[in-house]
Every structure is written in structure tokens, then in C-alpha cells.
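Student: I would like a close look at one part of this model, namely the surroundings of the ligand. Could you then go on from there to the salt bridges?

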Amino acid sequence: MHAGNSPHAEYDVIIVGAGPAGCSTALHLARLAPDIAARTLVLEKAHHPRHKLCAGGVIPDAERCLQRLGLDISEVPHVTASQAHFDFAGRGLRMRTRGNPYAFHVVRRDEFDAWLVRKVRERGIEVREGTRVKSIHVDDDIVRVETATGTLRARAVVGADGSNSVVRKAIAVEEQHTHVARALEIITPPRPETSSHVQTDSYFDFLCIPQGILGYVWDFPTQIKGEARRCWGVYDSNIAATEKEIPLRLALAEELRRHGFDLAEYELKGHPIRWFDSRNVFAAPRVVLVGDAAGADVLYGEGISPALGYGEIAAQAIRDAFARQDFSFQDYRQRVLDSPLGKSLRRRTFFARIFYRLRHPTVQAFIWRRLGWLVRIIVNTFLIDWTLWGRD
Ligand SMILES: Cc1cc2nc3c(=O)[nH]c(=O)nc-3n(C[C@H](O)[C@H](O)[C@H](O)COP(=O)(O)OP(=O)(O)OC[C@H]3O[C@@H](n4cnc5c(N)ncnc54)[C@H](O)[C@@H]3O)c2cc1C
């Protein structure tokens, strides 16, 4: 039973944002605390299927998060990246994910997120689209959620509203540091006749690091309405201040030129990615943050599996808050940090701080072309497969 459509209705939980983090929180609530889920409302400013700038790489951790919710990614249109190439200027190492005959799957986010929202509704949770949250105000016993169509009230609010989160802005007013990466993306047709890239593979090339862009240029296989496409982009973690010798778009343009494309012919779009730092604000009384609003991976800008993982931690924290009638969420930060997801994200921030400091081209070439064995050990042991840690 829902709390009703009256503008003054009161909910147990309002989740702001119906991306992977918001949907995962809702789906975990439905599993862990059906009573609370029945009095939960998800607010989404857009209408699904909505565009979300994202390369759509879904790694096995994300797949396992979905499986725990009884969801199967094969229901969503996707392509499979057979191998992931980690290169410096076109040469480096190739990886699959351990135990899999592929590296990862690639979805279009409009389709993937609309599918998740369908699953949320199928489990009886109300999702209200076309409702932008303007701000939230935390009182002693309630949170007021201001939307364009009126004020809603909830006993707890989940900020799942992405990297530009208004919920985060409301609770992290004193946060000093800004941890925001930037990514630019375009979609092209495949051009196997001019590109040296294997068309079933994905590529990460770190050639822009010496130029002060602390990230990589990527090329993934993808599809739009069943037609093969390539998704290209450039990621800059911004993890350290650098003199950027070239703008981001030029780094992408140069890589595209090497593969027979002219960037000027394509629509270039950019979006920030807020990344994880253990010093981030994760919660406040009656409010928890999930997904990009809390912080994604800084090393690669990988945020889908973290978004799905945060949802489980938030749902557990909400269930316990209602059981104890203690909505301080004082332990939420520790829950995040101690979780396998939190450990993986902490390590990724740690390695990113070291790795992106190594800006000399010879050093970068050496890492990817000669130290592949070490990279594989670090990635497989410390960074991915966190959904398997602590489980037999
Ligand atoms: C160019 C680019 C490429 C990327 N590629 C990958 C990749 O290949 N693999 C990967 O794992 N990650 C990738 N990421 C990161 C990934 O997209 C994010 O980490 C992920 O989308 C985070 O999910 P989320 O649910 O936290 O936020 P979002 O997906 O941003 O969802 C937030 C939702 O909240 C809604 N919303 C926002 N504000 C409000 C408001 N005020 N009121 C109501 N609703 C609101 C939005 O409409 C949206 O639906 C990429 C990011 C970028 C920018």
C-alpha cells in the first residue's frame, strides 16, 4: 500500500533518483524490508527510458549484484566485449575477467535503467517520473522533500541522484574538497577498415597521462537498436592538479584520427563523475547517499557496479534504522568503508593516487607493456571481484 498521492503524503523512505543506485536500493528494500518498501517512493526527474551519458560497461561484479536481486542481464540488449586491452599508445596487455570467457558486457543506459525501473515497479514500489527534487530539508523527525509539484515528507531519504546530487549538496555543505572526474563521449559506426582495433574488444589507452589528463581514452563495442556501434570517450580522474597540455576533446580527437574518424562529425557530450574518497560525506541524520552521489571508482570511472552495491548497504542501514528507531545513520559511513565494495573503492583510490602520479611516457609504456603480470595480480586480487570477497 502506498502512502498516497496527496502533496503532503508521508512516506517511510523517499529515494531521489531512479538510476542503478536508486533502483538497487529500492529492490533491496523490497527483499529485506517489504513493509518499508511498501511505503517507499522513488522520485525521478526524467521519464524512462531516458538518456544517460555512459559507456555502459557492466563488469561481472555488477552482474553478480543483479543476480543477488534475482535479475539477469541477458534480458537487456547488450554486446559482449571479448577482451579488455590496457595500452599505452596502442600497445599493452589484454585481459578477460577471471573465470569468464569475456571481459565485460556493454549496455545502453536508457535500456538498462528502464529495465531496472520496471523491476522496481514489479516489486510493488511506486516510482514517480517527471518529478525533479529541488531541495531537501531535514527536521528533527522528518525530511521535507521539495519538488516542483509540492512538498513530500519521509522519515528517511536516499540520495541516489547522481554526480550533481541535490541531496548531497543539502547535507555536505561544509565539504571542502571536490572530487569530480570528467568524461566526454561519442558514438560512431564501426570502421574496421580504418581502425586497428579488434571490433569485439574494448580498449583503454593511457597515452594522455603525460599530457596531464589523468585517465585514458576508451573504445568499446556497443549497439543501438541492434545496430553495431563503437562508444569512444576520454576520462580524466582529476585526482591531482596538473597542467593540462591539451584539452580533453583534443586528446579524444587525436585518438579518433588514428582510427580514421573525425571528431567534428560527431556529437560530443560530457558529464562529471563524483568519485569515492573515504573522507567523503556519506550520510547525515535521516539521509544516506548511494551511487555517484556517494562516490564512484576513480581509477576507471566505473560506477555501475558500485551503484548497485551501495543499494544493498543502504537498504540494510534503512532496515536497521527503522528497527531501532534511530535515524542518525551514524554507522553508515563505517558500513560502506567496511563492506567489500568500500574496500575495493578505497584501494582503487589508493592505486589511482600512485598510478596517475607516474606521468613519464617511458614509465607508462613500461607498466602496460612489461608489467602486465603485476597489473593482473593487482587488479584481480585487490580491485575487482569484490562481490566474491568473504563469500565461499
Ligand atoms: C561518459 C561516462 C561514461 C561512463 N562509463 C561507464 C562504464 O562504462 N561503466 C560503468 O560502470 N560506469 C560508467 N560511468 C559511470 C556511471 O555512469 C555512473 O557511475 C552511474 O550511472 C551511477 O549511477 P547512479 O544511479 O548513482 O547515478 P545516475 O545513473 O546518474 O542516476 C541518477 C538518477 O537520478 C536522477 N536525478 C538526478 N537529479 C535528480 C533530482 N534532482 N530529482 C530527481 N531525480 C534526479 C537522474 O535523472 C538519474 O536517473 C560512466 C560515466 C560517464 C559520465
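Tutor: What follows goes through the ligand's surroundings, then one loop residue, and then the salt bridges. Keep in mind throughout that this is a predicted model.

Start with the ligand and the residues around it. There are 37 residues around the ligand, and Glu44, Gly57, Arg109, Asp292 and Ile304 come nearest. Sorted by class, the shell consists of 17 nonpolar, 10 polar and 10 charged residues. Several elements of the fold each supply at least two residues of this shell: helix H1 (20-32), strand S12 (180-188), strand S14 (215-224), strand S16 and helix H7 (304-324).

Next, look at individual atoms. Two contacts involve the protein backbone. A polar backbone atom of Lys45 is 3.1 Å from a nitrogen atom of the ligand, and a polar backbone atom of Gly303 is 3.0 Å from a ligand nitrogen. A side chain takes part as well: in Arg50, an N or O atom of the side chain is 3.0 Å from an oxygen atom of the ligand. How much of the ligand does the protein bury? Taken alone, the ligand exposes 1,000 Å², and the protein buries 94% of that.

Now turn to a loop residue, Thr131, which touches Glu44 and Lys45 among others. Thr131 sits in the loop between strand S8 (126-128) and strand S9 (133-138). Is Thr131 buried or exposed? Its relative accessibility is 9%, so Thr131 counts as buried, the limit for that class being under 20%. The side chain of Thr131 reaches the backbone oxygen of Glu129 at 3.2 Å. Leaving aside residues up to four places away in sequence, the contacts of Thr131 also include Leu43, Thr147 and Thr149.

That leaves the salt bridges, of which the structure holds 27. Three of them can be taken in turn.

One pairs Lys119 with Glu122, with the closest N and O atoms 3.9 Å apart. The two residues are separated by about one helical turn because they are 3 residues apart in helix H4 (residues 109-122). Their surroundings are not alike: Lys119 counts as buried at 12% relative accessibility, whereas Glu122, at 58%, counts as exposed.

Another joins Asp277 to Arg353, and here the closest N and O atoms are 2.9 Å apart. Asp277 belongs to the loop between strand S16 (269-274) and strand S17 (283-284), while Arg353 is in helix H9 (residues 340-355), so this pair ties together parts that are 76 residues apart in sequence. Asp277 is buried, with a relative accessible area of 4%; Arg353 is partly exposed, with 31%.

The third is formed by Asp385 and Arg64, whose closest N and O atoms are 2.6 Å apart. Distant parts of the chain are linked by this pair: Asp385 is in the segment after helix H11 (372-383) and Arg64 in helix H3 (residues 60-68), 321 residues apart. Both Asp385 and Arg64 are buried. Asp385 and Arg64 also belong to a network, in which salt bridges with shared partners join them with Asp61 and Arg98.

Methods: Residues are numbered from 1 along each chain as its sequence is written. This is a predicted model: local features need pLDDT of at least 70, side-chain atom pairs count only at pLDDT 80 or more; totals for chains, interfaces and linings use all residues. Side-chain values use heavy atoms; hydrogens and water are left out. A salt bridge is a side-chain nitrogen of Lys or Arg within 4 Å of a carboxyl oxygen of Asp or Glu. Helices (H or I, at least four residues) and strands (E, at least two) are DSSP runs, numbered from the N terminus. Buried means under 20% relative accessible area, exposed over 50%, partly exposed in between (1.4 Å probe, protein chains only). A residue is near a molecule or strand if one of its heavy atoms lies within 4 Å of it. A polar contact is a pair of N or O atoms within 3.5 Å; within protein, one must be able to donate a hydrogen and the other to accept it, and residues adjacent in sequence count only if both atoms are side-chain atoms. Accessible areas come from the Shrake-Rupley method with a 1.4 Å probe; for residues, only the protein chains shown count as cover. Ala, Val, Leu, Ile, Met, Phe, Trp, Tyr, Cys and Pro count as nonpolar, Asp, Glu, Lys and Arg as charged, and the others, Gly among them, as polar. Contact means heavy atoms within 4.5 Å.
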